[in-house]
Amino acid sequence: MGFALEEKRKLLETLYEFIEATYRNFPLACVPGCKLCCTERIWATSLEAYYLLDVLSEEEYNFLETWAKEGYPRPVLTTNQLALCYLQGGEPPLEPAYEGLKPCPFLTPEALCKFYERRPLMCRVMASVKICKDFAELPPFLFQVSTLAFQIVENIDIGGVYGSFFDLLKFLKRYQEGLVKEVPEELLSNVELEEFPILPEERELKRWLGELYRAPVKGTSYTFRELWQKLRKDFEKYQKLNFLRDLL
Ligand code: SF4
């Protein structure tokens, strides 16, 4: 694993722990066996897909390849592209209304996640304070921190790509095996968002971000913000999509 990838991974794990600690402060109704939000509509960054690829067996990967033949939804913009579009007063393209989404291929027959410890952020932030039949009910503060967390993950995965979790897994695996050399067009380039859209009166959210920035990153002498800034500085020396070099 390349050095930058190792640093990114440490930041990702710190963010995951931090967001989960935040969620634990709310009385969520989610319990093992809930599966309503485990669908094929899962977006992620290349960093998150790589985090899971590490523990995906050949057999599980082959199952994913077979499952994926039927097709699945794909995002039209990355999280930060969407935020930039709003910040610039634009109207982002509408995401199609998906009906009859298939279950995620990583759900077990007992409705548990096969890769719970390695699941991407999108799976970690979907929650509800009431048992959801059709819709989840997320407290507004958790909605705000999860939106920020998506933007932060994209920032951390500087030079990486974004898309359907399953496209990312397939691409990274094929790339590692030397079967593809280029990033496929269904994957979008990550975009950096330096300023987060936090209103002055959103003090609790600012405090949350400040605490995340000051959080120590395990296995390093850096805080979250220091390591992220270091990553950005080091990245200036590289070409775009340098993350591919790290994967080999
Ligand atoms: S990866 Fe796991 S948590 Fe995420 S949708 Fe699939 S089964 Fe659910």
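# A tour of the salt bridges, strands and ligand shell

Begin by selecting Asp234, which is partly exposed, with a relative accessible area of 21%. Keep in mind throughout the tour that the model you have open is a predicted one.

Now add Lys230 to the selection, and you will find that the side chains of these two residues, Asp234 and Lys230, meet in a salt bridge, at 3.0 Å from N to O. Both residues belong to helix α9, where they are separated by about one helical turn because they stand four residues apart. Lys230 is likewise partly exposed, and its relative accessible area is 21%.

Stay in helix α9 (residues 224-235) and select Arg232 together with Glu194. Glu194 forms a salt bridge with Arg232, in which the closest N and O atoms are 3.5 Å apart. This pair links distant parts of the chain, since Glu194 sits in the loop between β3 and α8 (203-214) while Arg232 is in helix α9, and their positions lie 38 residues apart in the numbering. Glu194 counts as exposed, with a relative accessibility of 55%.

Next, move to helix α1 (residues 3-23), which holds both Glu6 and Lys10, four residues apart, or about one turn of the helix. These two side chains also form a salt bridge, and their closest N and O atoms are 3.7 Å apart. Glu6 is partly exposed at a relative accessible area of 34%, and Lys10 is partly exposed at 24%.

For a wider view of these contacts, select Arg9, Glu13, Asp54 and Arg118, which are linked in a network of salt bridges. The count for the whole model comes to 19 salt bridges.

Turn now to the strands, and colour β1 (residues 43-45) and β2 (residues 161-164), which pair in the antiparallel sense over three bridges. Within this pairing, look for Ala44, which stands opposite Gly163 in β2. Strand β2 is also joined to strand β3 (residues 188-189) by two bridges, and these two strands run antiparallel. Here the residue to select is Val161, which you will find opposite Ser189 in β3.

Finish at the ligand. Which residues are around the ligand? Select Cys38, Ile42, Cys104, Phe106, Leu107, Cys113, Arg119 and Cys123, and you will have the residues around it on display. If you colour this shell by residue class, it divides into seven nonpolar residues, no polar ones and one charged one.

Note on methods:
Residues numbered from 1 in each chain as written. Predicted model: local features only at pLDDT ≥ 70, side-chain atom pairs only at ≥ 80, totals over all residues. Heavy atoms only, no water. Near = heavy atom within 4 Å. Nonpolar A, V, L, I, M, F, W, Y, C, P; charged D, E, K, R; others polar. Pairing = 2+ DSSP bridges. Salt bridge = Lys/Arg side-chain N within 4 Å of Asp/Glu carboxyl O. Buried < 20%, exposed > 50% of the residue type's maximum accessible area, 1.4 Å probe, protein only.
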